[in-house]
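Okay, thanks everyone, let me get the picture up on the screen. I'll walk through it piece by piece, so just follow along with the display.

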Amino acid sequence: MVREFSAGGVVLRRKEGRWWAAVIEPQSSRKAGAAVRAAATLYALPKGNVDKGEKPEEAAVREVREETGVAADLVTKLADIKYFYVRSWGDRQRVFKIVSFFLLLYRSGRIGQITPAMHREVRQAMWVPLDEAAQKLSYRGERDVIKLAQDYLASHPELERGKNAADSAH
């Protein structure tokens, strides 16, 4: 059985007196021929493969930057999500996948400013209110990770004050 390892991030930003999370709409998120409706759109957390020689937390920070356009600082690991899927391309092999998710705090950059090459993977990136993110995300495991991020924030009030420019413009 094939194994895959990915990493991603819950990127949080304090803005307008509340927490926001970075969410992406993958390029392949709309069903071909389907009318553009909320039900037909997939929303996810930024994530991607861990490259050879790279640590999962490094991959998470890199993937966040590539897929959202923002730089973020690592806070803590939130969870590993484990699941099986069957490749829909090529060899149609069954794959065991582990995705490590990390909590990150926004440092700089503008959401959605990604390279043209990355637009092949990501249709758009956006900030959503953290308290609405779980309802917006399409995958149960990622909704669970958002809840873990909320729990972490609740138990670490010092993050509210922040050590970054989270309340600044953009």
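So, how many helices and strands does the protein have? It has 4 helices and 6 strands. Keep in mind that this is a predicted model. If you read the elements off from the N terminus, the order is β-β-β-α-β-β-β-α-α-α. The protein has 170 residues, and 45% of them count as buried. Now look at contacts between residues at least 6 apart in sequence: 70% of those join residues at least 24 apart.

Let's go to the strands, and to S5, residues 94-109, in particular. Is S5 largely enclosed or not, and why? Here 12 of the 16 residues of S5 are buried, so the strand is largely enclosed by the rest of the structure. S5 has S1 as one partner, with 11 bridges joining the two, and they run parallel. If you want a spot to click on, Gly-8 sits opposite Phe-101 in S5. S4 is also joined to S5, through 15 bridges, and that pair runs antiparallel. There, Asp-73 has Leu-105 of S5 as its bridge partner.

While we're on S5, have a look at Ser-108, which lies in that strand. Buried or partly exposed? Ser-108 has a relative accessible area of 31%, so we call it partly exposed. Leaving aside residues up to four places away in sequence, Ser-108 touches Val-70 and Ala-71. Ala-71 is 37 residues away from Ser-108 along the chain, yet their C-alpha atoms are separated by 5.2 Å.

Next, the helix H1, residues 56-68. It has 13 residues and spans 18 Å from first C-alpha to last, close to the 18 Å expected at 1.5 Å a residue. Which residues of H1 are buried? Those are Ala-59, Ala-60, Arg-62, Glu-63, Val-64, Glu-67 and Thr-68. So there are charged side chains in that list, Arg-62 and Glu-63 among them. What do the buried residues of H1 pack against? They pack against strands S1, S2, S3, S4, S5 and S6. Right after H1 comes Gly-69, with a positive phi near 90 degrees.

One more stop around there is Thr-115, in the loop between S5 and S6. Its relative accessibility is 46%, so Thr-115 counts as partly exposed. The C-alpha atoms of Thr-115 and Glu-67 are separated by 8.7 Å, with the two residues 48 apart along the chain. Glu-67, remember, is one of the buried residues of H1.

Last thing, the pocket. The largest pocket has a volume of about 890 Å³. Which residues lie nearest its centre? Of the 31 residues lining the largest pocket, those are Pro-26, Lys-47, Tyr-83, Lys-97 and Tyr-139. S1, S2, S3, H1, S4, S5 and helix H3 each put at least two residues into that lining. S4 gives the most, with 5 residues. By class, the lining comes out as 14 nonpolar, 8 polar and 9 charged residues.

To pull that together: S5 is joined to S1 in parallel and to S4 antiparallel, the buried residues of H1 pack against the strands S1 to S6, and both S5 and H1 are among the elements that help line the largest pocket. That's my tour.

Conventions. Residues numbered from 1 in each chain as written. Predicted model: local features only at pLDDT ≥ 70, side-chain atom pairs only at ≥ 80, totals over all residues. Heavy atoms only, no water. Expected span 1.5 Å × (residues − 1). Buried < 20%, exposed > 50% of the residue type's maximum accessible area, 1.4 Å probe, protein only. Contact = heavy atoms within 4.5 Å. Pairing = 2+ DSSP bridges. 1 Å grid on protein atoms, 1.4 Å probe; cavity = no way out; pocket = protein on both sides within 12 Å on 5 of 7 lines; lining within 4 Å. Points joined across faces, edges and corners; volume = space filled by probe spheres on them.
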